[in-house]
Amino acid sequence: MAEIKEDEEDARPPRISRDSSNKEKNSGRCVYINEGDRYPDLYCNNRVSNTKYNLWNFLPKNLWEQFGRFMNKYFLLIAILQLWPLITPVNPASTWGPLLLIFSVSACKEAWDDYNRYKLDKQANERMVWVVKKGVKTRIQAQDIHVGDIVWLREKDEVPCDMILLGSSDPQGVCYIETSTIDGETDLKTRVVPSPCIGLNSELLHKIKGIIECGYPDRDIRRFDANLRLFPPFIDTDYFPITVNNTLLQSCFIRNTEWACGVAVYTGNETKLGMSRGLPSPKLTAVDAMIDKLTGAIFVFQVVVVIILGFAGNAWKSTEADKLWYVHYPKAAPWYEFIVIPLRFELLCSIMIPISIKVSLDLAKSMYAKFIDWDLHMYDEKTDTPAVATNTAISEDLGQIEYILTDKTGTLTENLMVFKKCCIKGSCYGDSTRDAVKDPALLRALNENDPEVLKFLTVMAVCNTVVPSRSPNGSISYKAQSQDEEALVSAASHLRVVLLNKAANCVEVSVLGAVLEFDILDVLEFTSDRKKMSVIVRERQTGELKLLTKGADEAIFSSVHNDQQVRRVAEIVDQYSQMGLRTLCLAWRDIREEEYHDWSRKFKEASSSIVDREWKIAEVCVLMERNLELLGATAIEDKLQDGVAETIESLRDAGINFWMLTGDKQLTAAQIALSCNFVLPEPQGQLLYVQGATQSDVGASLERVLRTMQISSTEHKYQDVAFVIDGLALEFALKYYRQLFAELASLCRTAICCRVTPSQKAQLVHLVKSWEFRTLAIGDGGNDVRMIQEAHVGVGISGREGLQAARAADYSLAKFRFLKRLILVHGRYSYNRSAFLSQYSIYKSLVLCFIQIFFSFVSGISGTSLFNSFSLMAYNVLYTSVPVMASVLDKDIDEKTVLQHPQILKYCQAGRLLNPSTFAGWFGRALFHGAVVFLITMHVYVNEKSEMEEVSLVALSGCIWLQAFVVALETSSFTTIQHIAIGGNLVAFYIFNLVASTVKWGGMYTIMFRICSQRAYWLTMLLIVGAGIGPIAALKFFRFFYRPSLINILQYRERRARVTEANATSSSNAASATSSGSTSSSQRAAQDEESSSVYQPLLLSTKDRTKRQ
Amino acid sequence: MFLLFFILFFLLDSRFTQQELPACKPMLTTGWVISIFMAVGVLFIPLGACALNSSKKVVEIVDQYETVCIPSAGTKEARVQYIQDISTAKACTRQLLVTKNMAKPIYVYYELHNFFQNHRRYVKSRSDQQLLYGNASESSMANCDPQRLIAGKPIVPCGLIAWSLFNDTYSFKLNSVALVINRKGIAWDSDRKDKFGGSVYPSNFPNNYPAATNGSIIGGASLDPNTPLNANEDLIVWMRTAALPVFRKLWGKIERDLYAGDLITVDINNVYNVYSFHGKKKLVLATTSWLGGKNHFLGIAYLVVGGLSIAMAMVFVGIQIKCPRPLGDPSYLSWNKNKGRDLNTSPSATGVHFEVCGTFMFLEVKALCS
């Protein structure tokens, strides 16, 4: 949380305080070009290290981390106590063994991961690069690069550190790079040599001297604020501003450029990439939290037991034990005598919290993750992308999701933009049947050289950051960072306004065959705050200066002069939005020469400021982007992905609330929301808008909406109410009306937040989280990363906007529709399985523990252990771990049934299978089973049979038998593996003990052979099973039939459907075999069919029913 | 290990990776449940009857003698005084009447009450290494305290268990003719062979020097320094510690039949101290059955569990007749009942309908039972 806050500050810095603080700490570092050895110690070398440990600190650091968890501390305490022979009931090895095993396994895993990281680092560090040292080009290892060195790179080379580009093979000073390793975007990006350096040949570049002022290293890969000043004899300019466009960041690749060189500014772990590295903090699932809570409760119970028994033991000892001459208590007791018995009981009861629970849960979790990876139903053939569970530890949380916060573009939609419609000076082109590019009216206007249309198309072609690249056969393809821009440029080229070439400062456009050249003077870049971008161009032929702008409607409208136009265009834009189209408005204006010069100076000043550059630039941009002439609007369609509506519908049925967070317009967002079942259409559903531009407006609006909501929820007028809020109103709402907003949000299941920034997305996730709901955030682009990392579960769509989101996410999917299966099938099963696994693990140890406690009452409350060390250790590790692991394959109901009845997920959301009351059930069962085993054993094995070793093994095997039956009773579907695990485990128990009974020096020598040959032993086992399982089975059956849970009903239905199916086929077979057919069987089949047809429609929701028929 | 192998095998199976392994999903029907409970009842009741019957056939003669065998001086202290006085003779004669025919072999046990052989200090106080090899490492003998060393030399056999060896002795006469008791073969063969050394002789054993105790507590039996440990079956039997404070230890076997009306006279040398802790001593003569000694528990427990099982089956039948319940009726699915209910308020309210329904059912069942 602290991190988030810090980030927010980064995004919207409080201006004044920043300034003052910066004066104090200077402005960061000064890099002297070509003087890499000037400060050898001031900055680190380029040694990259991602490792967490080194050889020396591995053991202490790793142990320290492992002991950070309560459970591990507890285990260590117990193990240490066991070293005191006076109190230990068993051999310390029985605890130290498993403990060391677990610790070394997780230490080895860590070490292995770290070693792999080290190997990768080493590879990167020892790569050879050409570097200029003292004017001479030498080849050195990448790790020896110092700040200030000039690094030479060739095409396809990886950039070894953060550098500022000084030269490139391109005469215009352009260099292409691929940044997919940093942000996942696979398109090429252009980087330009700062203008003072353009044209320097490689000889000069060897001798170049200068100084670069840049800030302290930070992690923002989209911002790089620095100044460059070259020393004489090079052009001694003023400070020249350096932006991210002049940089080569570590891990990028040089493409389409023969060579490039640059000066290293940040090296090693201080690069942008290095700073943003770091292992994300582990997420804790709700199940984990509940288990921790239950473990805590068990611990308290244990302490209570220990105190009571310790007291009783001491009391018994002082009154009775002195009379027992054969126990021979010494007369003088040491001072610590009074704690000996309590500590003994502490050790006896220590197995209440079994080490095995951690191990089996970890194993099970990695199994769930594997099942997700393997699932072919979540594999997208088109893109060859399987689902990937990056985080293997949080699958249970998927089953408990209550809120899904989703991005729109690329997540719900394909992010495949098609230019559909446009409106040029009031006339609209393109309709439902035809795209605008094929509209004859537009083509006609084009042929008539309509100046307005040409202006419009020129803006479409020029005002963008698209890079055209010409393939050998002459065709032009466009590479763009934004899909919208690509769609616009392609559409323009279809209309014969073709973007031909884009060199550093020059754009060639062929307008209806005639080539026009534009010098690009300035690019006023797009930011999510400004919501528009502009370019200032000079037409070569005429020398006219023009400002071309495109942007979101409200951003453009506010800076347009012709109001008449605005009203008309606004209407049309609204229409477009209602159709779910993405709209952009285009505008331009002519600029006078002197105005430009004036402005240009301010702009340069702003661009060269190191502090708050973005904000300062935005301020200057406003000066230029005013008094625009509105040209028209474009409408781009972004298709919904397959199955989005169905997915959202069934997830909503499953009780999951959806929030859509998008950067899009309100109307577009609302339209998409309707078309993908976010809200029911008008008669049943209602959209309430929270609007306002000032604090008080927003407050009033919020209250109004809330009141409407309360009324409609009491009157049940609407089934579905959703509120729509935009970024600005949200800002106010979150700042001043948090309480009101929370109330509103809790009342409706759906919210649509439009025009929100990435940090607002993360804020919203944080907000929902703070109401203690389990949240899932799903998105596809870099702007969703923060929201994904903030949510309990982050899902990334590996789509067109790159892999950035997918990398940051816990799960990555190829398509949105897989989310349904991920949650309903995988999430639900994982939750169910973990719920069983964890409670069962504690239950089985409790059984043993209760037997020990009962036994202490017949052994003079002296803390004798009934079981020997070997049995105690093997019980958790060998005898009971295997069958319970097989439960990771258990399915209570079929996937199909779950998908048909998503409502069943509410069971998991409410935590119905793992909560204090279910756990109380398991606790009671443990108590009951402990009592059954103890009482039966102690009553059968009396008198001459009462021999410690025998009794101990009888009680132990009683437990094992009960375990087998309990697991079987709790399993709903038996696959071969379960059969083997449950049955085989029982056999394995006997084999183990028979083998142990052949060991002469062991305490168990001959015991197992001896008891196995007793008929009384087998009768005892049968009795224990009968008495132990009977009541539990009866209760379970009673519940199943007379107080069935929703799961039970579905189980029954599902199974009955199968049986009737089988009956029907078998009886029809019989009928055909006997040709005449026995009337009775066919009648029965008919009855079955009839009864099922009666039930069928009821079971299915109306929609499904129609589909069936 | 073999499970790992199977898992590896299954990893290659796409049905495993897709979680589509063919699974057997047993369907519960009331019919099945009733039959299962009936079957359990039908199986358990005859077994119980059989076990009870055989237990009843076991003939046992039990004689509690610790109180009758000492002068009736009242207080506990007086009794302890008496038993600890090594100079007094403590012979005692008891007469046992055989009430039923007893087939050989007839086992002779002594039974102790309130004797905690399972006490933590006691149960560990031995050195298995020493018992087998004669000399033992320090660590192995560490548990023997306080019966570990005398004057710096190790006690063989060390520890509280050996030290407190039961030492009452019995001699039997059947109708005034001496009755031979076989005292061999009373310990486990495995113990004699592999747990107790044939060349380990008791040495430095405190009970062999009762005069040297100097008023400190006297232990139990003395051990013949010339008999190896594995020949001393009483010791071996005693050192198999009992799990309960009431236990019997085999003392010998009578290898002949006894008949109803036989009178057995036992001369008891009553020297073992159970008076300090209100213990009881009993002499037991008993036959065995296929289930062991006389113990009705197993039989009764089987009858009870079997009976309850049938009762449970009946309850299920009753409920089924009185209120048959069409399970799997989808109208019970709460979301089919009131669709579109606002679920935001409380997800746990899903089962409200069931709670109500279930409570009615429960009341009905109660009415049915009463």
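User: In this predicted model, buried means under 20% relative accessible area. Why does B:Cys144 count as buried?

Analyst: The relative accessibility of B:Cys144 is 0%, and the cut-off is under 20%, so B:Cys144 counts as buried.

User: What makes B:Cys144 and B:Cys158 a disulfide?

Analyst: The sulfur atoms of B:Cys144 and B:Cys158 are 1.9 Å apart; a disulfide requires a pair of cysteine sulfur atoms within 2.5 Å, and therefore the pair qualifies. B:Cys144 lies in the loop between α7 and β4 of chain B, and B:Cys158 in the loop between β5 and α8, so parts 14 residues apart in sequence are tied together. B:Cys158 is also buried, with a relative accessible area of 1%.

User: Why is A:Cys849 not counted as bonded to A:Cys349?

Analyst: The closest cysteine sulfur to that of A:Cys849 belongs to A:Cys349, at 4.4 Å. The limit is 2.5 Å, so this separation is too far for a bond. A:Cys849 is nevertheless buried, at 0% relative accessibility.

User: Why is A:Glu625 called buried, and what does its side chain meet in a polar contact?

Analyst: A:Glu625 has 3% relative accessibility, so it counts as buried. This residue is placed in the loop between α18 and β26 of chain A. Its side chain is joined to that of A:Ser534 by a polar contact of 2.3 Å, which satisfies the requirement of N or O atoms within 3.5 Å. Beyond four places in sequence, A:Glu625 touches several residues, among them A:Arg530, A:Lys532 and A:Thr549.

Note on methods. Residues are numbered from 1 along each chain as its sequence is written. Chains are lettered from A and ligands numbered from 1 in the order in which they are written. This is a predicted model: local features need pLDDT of at least 70, side-chain atom pairs count only at pLDDT 80 or more; totals for chains, interfaces and linings use all residues. Side-chain values use heavy atoms; hydrogens and water are left out. Helices (H or I, at least four residues) and strands (E, at least two) are DSSP runs, numbered from the N terminus. Buried means under 20% relative accessible area, exposed over 50%, partly exposed in between (1.4 Å probe, protein chains only). A polar contact is a pair of N or O atoms within 3.5 Å; within protein, one must be able to donate a hydrogen and the other to accept it, and residues adjacent in sequence count only if both atoms are side-chain atoms. Contact means heavy atoms within 4.5 Å.
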